[in-house]
Amino acid sequence: MTYIEYMNQLWRSALLSPLPASEIALFAYLVNESNKRYWKMPFVRSTTRICEDLRLSRQTVITARKHLAERKLIAFTEGKSRHLPSNYTLLEWTDDLTVGLTDNLTHGLTHIKDKDKHQNKDSSIKERREIFDSRNGGEYGNSKRKENRRTCPVPAEGTDYDGAF
């Protein structure tokens, strides 16, 4: 692969889910390092040197490296000491972008199916409640008919309110 193809691969990955700036910087750095070595892989680079060059903390570089590996953009073997640095390999994505998507889609569809099942159940309960309410003349079975209400005599104008009861 060429330099631009690796970078295009990074941006395609970013379209699937956003990338933090530290991961973008690390990937671009590793592509540049591989280019300097005429694309011979794996290549070695110390984590300390990467931290110094990118001006990132060690933990940030380690986290970014782990996330890039999870996205299958790189593969790495962590170094054992300062004298045995980490090995890096840039990975190529396959043209078949459906690899690994089938399980995710099936899980997503099952989740949607279950969600629809619960929504249909809730809507059928609501419909039954509305039918019941319309028969009884009110919401949730509360009748609005006058014959079911207690009525109080309303005093005529000018009469004493207390005397009406």
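**A note on the predicted model, starting from tryptophan 39**

1. Tryptophan 39 counts as partly exposed, at 27% relative accessibility. The reader should keep in mind from the outset that this is a predicted model, and that the points below describe that model.

2. The structure holds four aromatic pairs. One of them joins tyrosine 6 and tryptophan 39 in a stacked arrangement, with 5.5 Å from centre to centre and 20° between the planes. This pair links distant parts of the chain, since tyrosine 6 belongs to helix α1 (residues 3-16) and tryptophan 39 to the loop between α2 (21-36) and β1 (43-45), the two being 33 residues apart.

3. Are the two partners buried or partly exposed? Tyrosine 6 has a relative accessible area of 3% and is therefore buried, because buried means under 20%. Tryptophan 39, at 27%, is partly exposed because its value falls between the 20% and 50% limits. Tyr3 joins this pair, so to speak, in that Tyr3, Tyr6 and Trp39 form one aromatic cluster.

4. Trp39 also appears among the contacts of serine 34, which touches Trp39, Met41, Phe43 and Leu90 when residues up to four places away in sequence are not counted. Serine 34 has its place in helix α2, and at 0% relative accessibility this serine counts as buried.

5. Which residues touch the most other members of the largest nonpolar core? Of its 21 residues, these are Phe27, Leu30, Ile50, Leu73, Ile74 and Leu90. Helices α1, α2, α3 (47-54) and α4 (58-70), together with strand β3 (86-90), each supply at least two residues of this core, and α2 gives the most, with five residues.

6. Isoleucine 50, one of the core residues just named, is in contact with Leu26, Tyr29, Leu30, Arg45, Arg55, Val61 and Tyr88, leaving aside its neighbours within four places in sequence. Leu30, which is among these contacts, is itself listed with the core members that touch the most others.

7. For the chain as a whole, there are five helices and three strands, and from the N terminus on the elements run α-α-β-α-α-β-β-α. Of the 165 residues, 21% count as buried, while the accessible surface comes to about 12700 Å², of which 54% belongs to carbon and sulfur atoms. Among contacts with a separation of 6 or more, 49% are accounted for by residues 24 or more positions apart.

Methods
Residues are numbered from 1 along each chain as its sequence is written. This is a predicted model: local features need pLDDT of at least 70, side-chain atom pairs count only at pLDDT 80 or more; totals for chains, interfaces and linings use all residues. Side-chain values use heavy atoms; hydrogens and water are left out. Helices (H or I, at least four residues) and strands (E, at least two) are DSSP runs, numbered from the N terminus. Buried means under 20% relative accessible area, exposed over 50%, partly exposed in between (1.4 Å probe, protein chains only). Contact means heavy atoms within 4.5 Å. Accessible areas come from the Shrake-Rupley method with a 1.4 Å probe; for residues, only the protein chains shown count as cover. Rings of Phe, Tyr and Trp (its six-membered ring) pair if their centres lie within 6.5 Å; planes under 30 degrees apart count as stacked, over 60 as edge-to-face and the rest as tilted. A nonpolar core is a set of buried Ala, Val, Leu, Ile, Met, Phe, Trp, Tyr and Cys residues joined through side-chain atoms within 4.5 Å.
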